[in-house]
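I opened my notebook to look up a handful of spots, one at a time. Here is what I wrote down, in the order I went.

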Amino acid sequence: RDNLDKYPLLALNYILGGSGALTSRLGEKIRAEQGKAYSVWSSYGFGKEEGMFYAAAQTALPHTKDVIGEIHSAIAGMAEDPKITDEELKRAKQVILRSLFFDYETPFALVSDLAKFSLWGYPENYLTRFQRQIAGLNRDDLVRVRSYLQPESLVTLVVADRSVVPALKE
């Protein structure tokens, strides 16, 4: 959570699948183009020292193998050569910044996060800094943090009926 790379990681993740939106790479390919998932998304957890990255999808059993392959392929592609477009970067920054409005719709939500930020040792103007950091991101920032994606270390977990497992073992 104290890593300054969290800002470009948030934007990189949004482009990959962080919002669950159809405009993310996972959403566009797996859900919109192929129609093989009810939902698909990715996320970074920002813990005190390290966080976990994951990608997930809800799909019908016959599509499970293909969806897993597409997720792995998208992560590997983003790690190898993200080819981030100006439009993707612009959209990621806009969505992350606009989401703050919805995150803090109520005074309680704002006060809760301000208390959390204080406990974490963040500066009093953290939300302003957050906005500046996101707004100032460029393509090179996102390309630089792609090394956080480690496709060779992915672990796959399938929650399904046992009858599906033999087909997925390969």
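**T106.** I started with T106, which I found in the loop between α4 (86-103) and α5 (107-119). This is a predicted model, so I read everything below as computed from that prediction. Is T106 buried or exposed? Neither label fits: T106 counts as partly exposed, because its relative accessibility is 41% and the partly exposed class runs between 20% and 50%. I also checked T106 against Q131, 25 residues away along the chain, and got a C-alpha separation of 19 Å.

**K83.** Next I went to the loop between α3 (64-80) and α4, where K83 is found. The phi of K83 caught my eye: the value is near 45°, positive in a residue that is not glycine. I reminded myself that most residues other than glycine have a negative phi. K83 is exposed, because its relative accessible area of 62% is over the 50% cut-off.

**The largest nonpolar core.** Which residues touch the most other members of this core? I noted L12, I30, I71, F130, L142 and L149, out of 35 residues in the core. I then listed the elements that give two or more residues to this core: α1 (6-18), α2 (25-33), β1 (39-44), α3, α4, α5 and α6 (126-135). The largest share, seven residues, comes from α1. In soluble globular proteins, nonpolar side chains tend to be buried together. I picked I71 for a closer look and left aside its neighbours within four places in sequence; I71 is then in contact with L26, I30, V40, A55, A56 and A57.

**K93.** I moved on to helix α4, where K93 has its place. What is the nearest side chain of opposite charge to K93? I found D141, 7.7 Å away, and K93 has no salt bridge although it is buried. Beyond its neighbours within four places in sequence, K93 is in contact with I134, A135 and L137.

**N3.** I finished in the segment before α1, where N3 lies. I logged N3 as partly exposed, because its relative accessibility is 36%. Which side chain does the side chain of N3 meet in a polar contact? I found Y148, at 2.8 Å. A polar atom of the N3 side chain also lies 2.7 Å from the backbone nitrogen of D5. My last check was N3 against E49: the two are 46 residues apart in sequence, and their C-alpha atoms are 8.6 Å apart in space.

Technical notes. Residues are numbered from 1 along each chain as its sequence is written. This is a predicted model: local features need pLDDT of at least 70, side-chain atom pairs count only at pLDDT 80 or more; totals for chains, interfaces and linings use all residues. Side-chain values use heavy atoms; hydrogens and water are left out. Helices (H or I, at least four residues) and strands (E, at least two) are DSSP runs, numbered from the N terminus. Buried means under 20% relative accessible area, exposed over 50%, partly exposed in between (1.4 Å probe, protein chains only). A nonpolar core is a set of buried Ala, Val, Leu, Ile, Met, Phe, Trp, Tyr and Cys residues joined through side-chain atoms within 4.5 Å. Contact means heavy atoms within 4.5 Å. Lys and Arg count as positive and Asp and Glu as negative; His and the chain ends are not counted. A salt bridge is a side-chain nitrogen of Lys or Arg within 4 Å of a carboxyl oxygen of Asp or Glu. A polar contact is a pair of N or O atoms within 3.5 Å; within protein, one must be able to donate a hydrogen and the other to accept it, and residues adjacent in sequence count only if both atoms are side-chain atoms.
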